[in-house]
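Biologist: Please take a close look at one part of this model for me. Start with a single peptide bond, then show me what surrounds that part in the wider assembly.

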There are 4 protein chains.
Amino acid sequence: MPTELSQPETIFQAMVQKFKDCRRQTEQICAPLTPEDHVPQPIVDVSPPKWHLAHSTWFFEQFLLGPYKSGYKVYNTDFAYLFNSYYNNAGERVLRPNRGLMSRPPVKEIMDFRSHVTEEVLELLSSGNAVTEALEILKLGIHHEQQHQELLVYDIKYILGHQPTFPVYGDSFVLKAENQEFSWIRMEEGIYEIGYSGDEFCYDNELGRHRVFLEPYQIGSKLVTNGEFMEFIASGAYSDFNLWHADGWDYLQKNKLEAPLYWHYTKGEWYHYTLNGLVPVDPSLPVQHVSMYEAYAFAEWKGLRLPTEFEWEAAADRFSWGQLWEWTGSAYLPYPGFQKAPGALGEYNGKFMINQHVLRGASAATAPEHSRKSYRNFFAPASRWIFSGIRLAQSL
Amino acid sequence: MPTELSQPETIFQAMVQKFKDCRRQTEQICAPLTPEDHVPQPIVDVSPPKWHLAHSTWFFEQFLLGPYKSGYKVYNTDFAYLFNSYYNNAGERVLRPNRGLMSRPPVKEIMDFRSHVTEEVLELLSSGNAVTEALEILKLGIHHEQQHQELLVYDIKYILGHQPTFPVYGDSFVLKAENQEFSWIRMEEGIYEIGYSGDEFCYDNELGRHRVFLEPYQIGSKLVTNGEFMEFIASGAYSDFNLWHADGWDYLQKNKLEAPLYWHYTKGEWYHYTLNGLVPVDPSLPVQHVSMYEAYAFAEWKGLRLPTEFEWEAAADRFSWGQLWEWTGSAYLPYPGFQKAPGALGEYNGKFMINQHVLRGASAATAPEHSRKSYRNFFAPASRWIFSGIRLAQSL
Amino acid sequence: MPTELSQPETIFQAMVQKFKDCRRQTEQICAPLTPEDHVPQPIVDVSPPKWHLAHSTWFFEQFLLGPYKSGYKVYNTDFAYLFNSYYNNAGERVLRPNRGLMSRPPVKEIMDFRSHVTEEVLELLSSGNAVTEALEILKLGIHHEQQHQELLVYDIKYILGHQPTFPVYGDSFVLKAENQEFSWIRMEEGIYEIGYSGDEFCYDNELGRHRVFLEPYQIGSKLVTNGEFMEFIASGAYSDFNLWHADGWDYLQKNKLEAPLYWHYTKGEWYHYTLNGLVPVDPSLPVQHVSMYEAYAFAEWKGLRLPTEFEWEAAADRFSWGQLWEWTGSAYLPYPGFQKAPGALGEYNGKFMINQHVLRGASAATAPEHSRKSYRNFFAPASRWIFSGIRLAQSL
Amino acid sequence: MPTELSQPETIFQAMVQKFKDCRRQTEQICAPLTPEDHVPQPIVDVSPPKWHLAHSTWFFEQFLLGPYKSGYKVYNTDFAYLFNSYYNNAGERVLRPNRGLMSRPPVKEIMDFRSHVTEEVLELLSSGNAVTEALEILKLGIHHEQQHQELLVYDIKYILGHQPTFPVYGDSFVLKAENQEFSWIRMEEGIYEIGYSGDEFCYDNELGRHRVFLEPYQIGSKLVTNGEFMEFIASGAYSDFNLWHADGWDYLQKNKLEAPLYWHYTKGEWYHYTLNGLVPVDPSLPVQHVSMYEAYAFAEWKGLRLPTEFEWEAAADRFSWGQLWEWTGSAYLPYPGFQKAPGALGEYNGKFMINQHVLRGASAATAPEHSRKSYRNFFAPASRWIFSGIRLAQSL
């Protein structure tokens, strides 16, 4: 995080507004849900929506109100236990696979908790007593909640998309076709600077700005489409082990996969679940809900490869991106000179830097503040419930 | 099931009333729950309350309205798929461990489905066209729903009892102390008749009335109490493998058990979760929520044994019972001459006749119609979420 | 065990001979094996042959030489740890699934251990100092080793039968066709005496001789044949859930079973692995290597049932048996008045009296001393590596 | 692999000699084992020694004799099935976890197979007909067998080290203390060339020689010692989650780890199993048998980090290495321009390029031909049975 922060009144007011917007946005994402939809945890990766509602609130209480608002009394001592996620330093937590068993507190109580904390934060801010450090926490809390907004969308899609009745959520987060021909963007060999530079917010994993040498390469101007992916499927690729990582192949066999997540083959045609219900797959749209294994196998099939995260960042100003997180060929590792933040917040990124792959870009569910070319998203290679897509590259 | 049934008007009216009462009772059991409480399936054995609400309704639609109400149109074709339980003959079903993922249809829609089916059944009955066979199905459907009422109570207790906040459900289903001294009831050797005799409803597994020879024995006049069980615990019984079945001992180790389900040792005292919340264990009440393994080990510790189901039934008129299902030493097996009902309803009992143990009696959550001495309840020996207790016996 | 024992010299000499024969027989069973064949533990139920060789020897050292031979020094203190099986009272033991990892001590060392203990036991006996109690232990040790001889045969067959090369073991333990027509043996209703009576050796689970009342029934004069079982398979029985226990059906699905253990369908014909290698299934021989689930389903398919263990014992003098253990419809439970032996030997039978089914009869691998009509063999219902077959019965 | 190869007679003779030496060396590694020791597969990662003996032989038969020796007849058609490892393109294979069940063929038969193939290869070579391509395969086969020699040593240590009796294997593969003080080696920022250059054998994963830019750093002159690691343990590091990756922490908890593999705390002192038996841990020796998770946590504890594989390679000429594979901070990924070999041999490396971490250096069990600074060894981060150690680095 940047170490300096100027806070003239206008910047401060903007932040108050951003906080309010952020809180409202989370609640709007959940608005189409029934109370029952807030409860299930169908797989370990997916958290119940009510958990996201409460956890993003707990974060402000735990890290902002507790330390910085004098006389603040914890709303409900149980909640710290129930809605901690993975901050071992912040005390006991409910084991992740058990989140789906917590029917209590009900959604209504969680919304009361949200209102309470929102009010208290606004009161803290209006008091004029908030120190610089607190504003840093506020900013982090907003970004944290925005990350959970994106996860909320994934998780809601997973929960609804696994109802046998395929219910409709609504029109938000719609994917659009990229109206351009595919072309190669050629990049010269040389030293490129990588990592965040600027004085806005960024995460610790983007810092440690540094130089990398890139051999010459080219990168695709547009994402792989559903149409191309259907060809890949039709070619028998899901049963040709030569295209896959050994782990990817095992993963296919074990889970009996033969298409991206949410795809169903019915009456001679591919359908997929979208937030608008079950619809035929549109060949012109970018393919989404693929794992790293599928992205890699598709590239192998094409005789191409995925770009590294450095190649992606170096070229990012030359193509349009932002609809779909793009798998890169890079494992998620620390930049040279990476520093963890002290205390519980230091658990944010560093401890995940193993067995994960980097995605670059942004998705239709990403908050605008998170759309920057240095942003490093990361997931396990098998993850498919995220809004993930494929861009290809080639060494020259 | 009895093959003959007289149905003069009064009997018929009584049955209509019983049907209405039964439907209302199920809904009353769920009344204290939030919509969210209806969703989770914390373990495979426990079904979401909304599933019980819908499944017991589906049963009437599938087996009564479909075949017997002319022109009946299925309420929602999805529901047959969603709310079948284990009737393979009645079509595809949702795999049991996935029930907790179904947030849709919401409780409200299920209640509409309930009302609809209740009305349709009443209409069928009032038409005067219901044939004898249909009335048999009605009767079975009522008993089926009553069985689910009991499971509902167990499942609700499990769901609420595993919330970190131990919420209160209410005063129903309260256990009372047995106000009598313990004494032995002596039973002579001889031939006893076992199985249902009478012309009321009974299940197929109670039929095949037959003779058994019993060697002389005695059976306790009252159930084992919490006080006695606390002595058993205090003696170190949970770490003395000599008292346990080999499977029971493995089960203890694997699940790290040291007391009945819902018991917590806090500040030097035993508490347990009841439907009234977390309260100190009352030594005068019968112990409940023990597995067959614990019941057996307790008997071993006393130098006694559990009665067989035949010994229990032969002596049942000589002691008071009905608060708590009592583990017997008998495996759940067919009586000589046991006949499965034809069709899907034949799946009711016979296919479970392995790896299960018989419990006799009834519990505070049992419908009065199910309280008869020939009733054979059965569960896997490890089951603890049922309302189970212990009565002791001894060979003479 | 009988409480009285006369030991004139001739009986004593017979026992010494029996001991020698028993020790030699175990070694002959292993003679066709390579050292490598003694090592694997392919499933938890199957123990490595070298483990049987050592464990049956350890039993004599632990329970006979230790307590009764003055000045006896334990051969190797590690062995007590390595070769205990399930006697928790006799100290720490190697967890059962890890037996297949113990390449040390090699077979040669175990044979030395065997010779040593055999010699020491003979020395104890020749000293004339062996007390009655020691002779009881000797007798139990012989019977114990004989039980392990039978398990050895099962386990060797399993190990060799799962080599991709189907190696030949040899001619022993051959099954013969029953040369007779099938007929029904009718049994009258009445009180029958059940359990061991006599003054030879028997196990504690056969005692508690007692009376049972049997309703009239008939029992088959011969075992179900491979030919009949092939008809059952050909009828589609392995995919008709109506024939199976719910647990049996799950077991079929999970393990993708469609025939008895060791059967392979190749080039339009059924073959099975025997100790003579892979050969075509002979329709005239009794079917073997079926689970309780398959035995039950076969009986259902025939519209018949399995006999209870009491029905079997009551009728056993009227048909020939002894080639194949026969699944009964009885769960393995204590007889009235069952008493466990004191100390570690008390763990022998009682603690297994749950989740197991009784088999009656004997197999081609059973020692003659174990062939008696009161003998209660028992295994989990899913067991198929034992030499198990099917006899049918019917209520009248 | 290099595309050109000159083969004057002397080079050719050297290769024949290398082949003979390689075959003999494998057999010498197994010489101290009993036949029984060749059988177990205690964990999935560890293969039975007899499998290595046969698989390294099968490789020559499958890829060299079959295609290049005219009229060659496969020794035993079963063996191709039994001893394939992970070459999906070369046909069906025995699933890896089942290798430990194959007692047949016995070691003796495998040694006959080895002799046969060795002779046939020598005959092919002596015929003067071996084409360049065949010599490439021969070379690859030798390197392949040398890799298995190293795995053999790991696997033998694992098998013997998990016998409750801790048997002695012998003096080979002994670790020596590094007789020097620790110092930092400073490396300037700049562009470094990475990957194999030369005309000897190398693996495909070392090719794609390319440039990387390194920021300034320093790297330790010697490996972390047992003494330092005991301090790390004594500090409570195994229970401080702040030091660990999230996955590493889960791995610790799940496996209850508190020291490197083979370490046992007894009577107030650390012992560990070595190929010379169980001995006290020598503080002056390099620590070995640590996972990537432990290597990372140790570096965190020191406030330092692991070097990347590029930093390691760039500095490798300035420190002594070769006793112990060194975990780097780099995930195992393809170099730019990486090309898989065509056909089955293309499965060698590429398909493992995910979820693995790179180790650089060599171990006491590594063949001298594999000790080169460009060699990329790789294992899953949790692996501990390999000969792995820790070297530290720091950004400047």
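Modeller: First, a term. Helices and strands here are DSSP runs, at least four residues (H or I) for a helix and at least two (E) for a strand, and they are numbered from the N terminus. So α3 and α4 are names given by order along a chain.

Now the bond. This is a predicted model. In chain A, the peptide bond from Arg104(A) to Pro105(A) is cis, with omega near -10 degrees. Pro105(A) sits in the loop between α3 (77-83) and α4 (107-126) of chain A. Chain C shows a cis bond from Arg104(C) to Pro105(C), again with omega near -10 degrees. Pro105(C) is in the loop between α3 (77-83) and α4 (107-126) of chain C.

How far can we trust the model? The mean pLDDT of chain A is 92. Of its residues, 93% reach 70 or more. The start of the chain is another matter: pLDDT stays under 50 over residues 1-5 of chain A. The model has twelve contacts for that stretch beyond four places in sequence. Where pLDDT is low, the predicted coordinates should not be read in detail. For the complex, the predictor gives an ipTM of 0.92 and a pTM of 0.92.

Next, the interface with chain B. The contact takes 27 residues from chain B and 27 residues from chain A. Together the two chains bury about 2,100 Å², with 62% of it on carbon and sulfur atoms. On the chain B side, Glu36(B), Leu101(B) and Arg104(B) lose the most area to chain A. Those three make up 33% of what that side buries.

How do these two copies fit together? A turn of 180 degrees, with a shift of 0.0 Å along the axis, lays chain B on chain A with an RMSD of 0.0 Å. The two copies are thus related as by a two-fold rotation axis. Glu36(B) has the C-alpha nearest the axis in chain B, 2.5 Å from it. The same surface serves both copies, since 100% of the contact residues of chain B recur in chain A.

Chain A also meets chain D. This contact takes 36 residues from chain A and 36 residues from chain D. It buries about 3,000 Å², 52% of it on carbon and sulfur atoms. Arg211(A), Phe213(A) and Ile354(A) supply 20% of the area that chain A buries here, more than any other three residues. A rotation of 180 degrees with 0.0 Å of shift along its axis superposes chain A on chain D, RMSD 0.0 Å. Once more the same surface serves both copies: 100% of the contact residues of chain A recur in chain D.

Some pairs do not meet. No contact joins chain A and chain C, and their closest C-alpha atoms lie 14 Å apart. Chain B and chain D do not touch either, with nearest C-alpha atoms 14 Å apart.

Look inside chain C now. Helix α2 (residues 49-68) has 20 residues. At 1.5 Å a residue it should span 28 Å, and its end C-alpha atoms are 28 Å apart, so the two agree. There is still a kink of about 30 degrees in α2(C), centred on Glu61(C). Of the 20 residues of α2(C), 16 are buried, so the helix is largely enclosed by the rest of the structure.

Helix α5 (residues 132-161) of chain C holds Asp155(C). At 1% relative accessibility, Asp155(C) counts as buried, because the cut-off is under 20%. Leaving aside neighbours within four places in sequence, its contacts are Asp45(C), Val46(C), Ser47(C), His52(C) and Trp385(C). Glu136(C) is in α5 of chain C too. Glu136(C) is buried, with a relative accessible area of 16%. Glu136(C) and Leu64(C) are 72 residues apart in sequence, but 9.5 Å apart in space, C-alpha to C-alpha.

Last, two unusual backbone angles. Phe166(B) is not a glycine, yet its phi is positive, near 45 degrees. Phe166(B) is partly exposed, at 23% relative accessible area. Tyr262(D) also has a positive phi, about 80 degrees, although it is not a glycine. Tyr262(D) is buried, at 5%.

Conventions:
Residues are numbered from 1 along each chain as its sequence is written. Chains are lettered from A and ligands numbered from 1 in the order in which they are written. This is a predicted model: local features need pLDDT of at least 70, side-chain atom pairs count only at pLDDT 80 or more; totals for chains, interfaces and linings use all residues. Side-chain values use heavy atoms; hydrogens and water are left out. Copies are superposed by least squares on the C-alpha atoms of residues with pLDDT of at least 70 in both. Contact means heavy atoms within 4.5 Å. pLDDT is the predictor's confidence in each residue, from 0 to 100. The expected span of a helix is 1.5 Å times one less than its number of residues. The bend at a residue is the angle between axes fitted to the seven residues ending there and the seven starting there. Buried means under 20% relative accessible area, exposed over 50%, partly exposed in between (1.4 Å probe, protein chains only). Buried area is the accessible area (1.4 Å probe) that two parts lose on being put together, summed over both.
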